[in-house]
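Let's walk through this model together, one region at a time. Keep the viewer open and follow along as the paragraphs move from one element to the next.

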Amino acid sequence: MNLQCLFMVKKSVSFLVIAILFINLADDTLSIHLNSSACITHSCGNGVKISYPFWIPEKQPPYCGLPAYNVTCNKDKSLLHISGDEFIIKEVFYTNNSILLAKADVFDKDNKCPVPTHNFSLSGTPFRSGPNTADLFFFYDCTQPYERETYAVNCASNATHHSFAVFHTELLEHSNYSVESCQDPVYALVETDSLDRLLKMNYMQVLQKGFFLQWDGTNCRDCQSSGGHCGVQNNEFICICKDQPQQRTCLHGRNKIGLKVGIGVGAAAITALMAGVIFFIYRCRQKKIYAGSSLFTTSILSYPSSIKDPEKATSLIGVHLFDYNELDEATNNFDSKKELGDGGYGTVYKGKLRDGRVVAVKRLYENNCKRVEQFMNEIDILTRLHHPNLVTLYGCTSRHSRELLLVYEYIPNGTVADHLHGVHSKPGSLSWNTRMKISLETASALAYLHASDVIHRDVKTNNILLDNNFCVKVADFGLSRLFPTDVTHVSTAPQGTPGYVDPEYHECYQLTDKSDVYSFGVVLIELISSLPAVDIFRHRHEINLSNMAINKIQGNALHELVDSNLGFDTDDKVRSMITTVAELAFQCLQSDRELRPSMQEVVEALMRIQRINKTTGKTDKECPDDDTGLLNSITLSVSPDSVTTKWSSSPTTPNAST
């Protein structure tokens with residue numbers, strides 16, 4: 001250990017001794033008294049329910065919520081300020097940690113031209129973009145008009161200067177439209193499931209429709225179920241009980257937190273300083289090790305592991321490391337025109353490497369500890385597992401690079417969501433045979449993951465990519481978890497996408513492989529109906545597609561759910577297959593996970609249904625390297641009809657409040 005490190009350690013230890021003396025001298029009379037009823041849920045403005053982590057300063061003390069979640073209640077609206085912009089809160093979905101917002105000025109009748117004037121930023125906020133969120137680009141003062149699949153912004157136009165809004169700037173490029181005569185575009189976030197439907201609206205209606213943001217979950221549910229109210233102290237979550245605050249719940253007075261300010265601060269100081277001393281010693285030793293070692297090479301990426309915590313378990317990973325400058329060059333400095341879409345925690349760009357390979361480059365939003373964990377998690381899974389229906393990872397940048405970048409094979413035909421109800425959707429364009437192939441290949445990939453002790457945790461049609469032969473590549477493993485073989489579940493804060501998340505996972509905080517099964521059930525219903533998993537324009541009891549499907553199936557109204565272009569009413573064989581797939585989806589969507597089939601059972605059921613199709617003589621083009629060995633190795637302990645005989649459902653908890 002060098003002299004500088006030794007000095008820092010001694011200094012830290014000295015300060016630690018002072019902190020201990022401070023605790024002993026703390027004033028015992030300085031106690032915290034929190035009103036347990038002050039943090040009750042309030043109905044704000046337009047009837048939105050406001051509770052932790054949101055709070056209303058005019059009605060509640062500061063310990064009822066976090067500063068970034070400050071809500072203003074007006075007579076007829078609830079307002080939230082983010083990065084200097086004012087938004088109307090249309091709805092808060094506490095079970096999914098998501099919020100539906102819309103810019104306040106688009107509802108201002110006195111504002112004759114409420115167009116966005118600057119880009120909206122989430123940097124430095126606790127929020128991130130939610131599901132089905134797209135950018136609507138506004139171009140102002142253009143010398144040439146452009147009318148193809150755009151919105152004319154007449155209020156910002158005149159006889160010589162034109163303004164318009166467009167979802168995809170690629171349209172301008174393909175039409176050889178020069179944007180150099182326009183001001184730099186300004187984008188607004190909008191919630192989108194069907195581009196065709198949005199293009200039938202005007203841009204004001206699209207902006208008023210709003211968009212989703214999400215925030216990281218808390219353990220508030222446990223506190224509330226124990227009779228407490230959620231709050232915050234020293235920027236940490238607390239459960240405010242009738243007698244005194246607790247760390248998590250009010251049950252039996254467990255997990256009590258210190259009520260003395262001096263003791264609380266002193267304990268925190270001791271913890272921080274002890275961690276600091278250990279860190280200094282560790283860093284000094286690491287510097288000595290790395291100074292004379294070449295263990296960290298350009299082909300091996302390692303990071304600390306913890307076998308005690310299954311949520312953070314990992315291992316040494318072999319993966320090719322790309323130079324940041326090469327990827328910057330491949331994507332033309334991450335040009336917005338190269339954007340393929342937004343993932344759960346990053347934007348994906350199309351790029352071309354120096355060796356000629358076309359790739360998809362995921363650029364993570366932030367370089368913080370949580371993002372590094374997701375970054376390493378995805379690398380760990382994709383370098384260990386190989387399946388024809390899993391996306392291939394080519395490599396990444398070092399986690400010490402200026403940005404965290406992941407490089408994948410480029411899949412050219414968009415996502416299943418795009419073809420069902422997105423930018424590539426056309427009536428009848430995705431045949432039932434193709435949909436069956438997609439469902440079987442997706443199920444095969446998930447069964448392989450589960451057999452490898454991995455839970456995907458974000459199964460949705462936006463994460464199912466398609467190549468030009470409509471072969472499946474399941475993607476986006478940032479939320480995936482390694483699942484220990486010696487336990488039945490992993491306790492973890494619920495994460496995922498609204499509309500797809502297992503309701504029992506939300507209720508019990510217990511993640512199992514059956515959580516993926518539930519999400520896949522929603523995917524099956526999407527393939528049957530061509531409808532999005534969440535649509536706020538549907539009836540309130542049918543906003544979640546899973547609820548709609550269960551209601552239609554139980555009401556013997558399956559025909560009302562099925563896409564009319566699939567031949568359900570004209571082709572008996574198609575009708576039989578769709579009915580059987582609907583039965584399978586119904587079993588996957590059971591609220592009690594014990595009633596759901598395993599993914600292995602789902603694969604076998606879909607293979608039986610596929611045999612019906614093969615008797616027609618119709619075949620689809622096979623995907624390369626189809627892993628028939630995996631499918632043939634699946635053995636089931638159930639009869640062939642076991643997943644399609646039960647048409648009763650235990651009560652299902654919706655994924656979003658209605």
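A good place to begin is the hairpin that strand 13 and strand 14 form, with two residues between them; in its turn, Asn234 has a positive phi of about 55°. Strands here, like helices, are DSSP runs (E, at least two residues, for strands; H or I, at least four, for helices), numbered from the N terminus. Strand 13 covers residues 229–233 and strand 14 residues 236–240. The two run antiparallel and are joined by five bridges; strands count as paired if DSSP finds at least two bridges between them. Cys230 has Cys239 in strand 14 as its bridge partner. Four of the five residues of strand 13 are buried, so this strand is largely enclosed by the rest of the structure. Buried means under 20% relative accessible area, exposed means over 50%, and partly exposed lies in between, using a 1.4 Å probe and protein chains only.

Before going further, a word on the ground rules: this is a predicted model, in which local features need pLDDT of at least 70 and side-chain atom pairs count only at pLDDT 80 or more, while totals for chains, interfaces and linings use all residues. Residues are numbered from 1 along each chain as its sequence is written, and side-chain values use heavy atoms, with hydrogens and water left out.

Now to the sheets. One open sheet has six strands in the order 3-4-5-6-12-7, with antiparallel pairing. Its edges are strand 3 (71–73) and strand 7 (127–129), each of which pairs on one side only. From one strand to the next the twist averages 45°, with axes taken as lines fitted to C-alpha atoms and angles running from 0 to 180 degrees between N-to-C directions. At the strand 3 edge, three bridges connect to strand 4 (residues 78–82), and these two strands run antiparallel. Thr72 is found opposite Leu79 of strand 4.

Another open sheet contains five strands, ordered 18-19-20-22-21, again with antiparallel pairing. Strand 18 (339–342) and strand 21 (393–396) each have a single partner strand, so one side of each is left without a neighbour in the sheet. Here the twist averages 25° from one strand to the next. Strand 21 is joined by three bridges to strand 22 (residues 405–409), running antiparallel to it, and Gly395 stands opposite Val407 of strand 22.

Strand 20 (residues 358–364) of this sheet holds Lys362. An unreviewed UniProt entry lists Lys362 under "binding site"; such positions are given in the numbering used here, feature names are shortened, and annotations may be inferred rather than shown by experiment. Is Lys362 buried or exposed? Lys362 is buried, with a relative accessible area of 4%.

Next, look at two helices. Helix 10 (residues 432–451) has 20 residues that should span 28 Å at 1.5 Å a residue, and its end C-alpha atoms are indeed 28 Å apart; the expected span is 1.5 Å times one less than the number of residues. Since 19 of its 20 residues are buried, helix 10 is largely enclosed by the rest of the structure. Within it, the side chains of Lys437 and Glu441 form a salt bridge (3.6 Å, N to O), meaning a side-chain nitrogen of Lys or Arg within 4 Å of a carboxyl oxygen of Asp or Glu. These two residues are four apart in helix 10, and about one helical turn separates them. Both Lys437 and Glu441 are buried. Just past the end of helix 10, Asp453 adopts a positive phi of about 65°.

Helix 14 (residues 572–588) is mostly covered too, with twelve of its 17 residues buried, among them Val574, Met577 and Phe586. At its start, a side-chain oxygen of Asp571 comes to within 2.9 Å of the backbone nitrogen of Lys573.

Finally, the count of salt bridges comes to 14. One of them joins Arg354 and Glu329 (3.2 Å, N to O). Arg354 lies in the loop between strand 19 (346–352) and strand 20, and Glu329 in helix 7 (residues 324–330), so the pair ties together parts that are 25 residues apart in sequence. Arg354 counts as exposed, at 55% relative accessibility. Asp502 and Arg596 also meet in a salt bridge (2.6 Å, N to O), linking parts of the chain 94 residues apart. Asp502 is buried at 2% relative accessible area, and Arg596 is buried at 3%.

Methods
A polar contact is a pair of N or O atoms within 3.5 Å; within protein, one must be able to donate a hydrogen and the other to accept it, and residues adjacent in sequence count only if both atoms are side-chain atoms.
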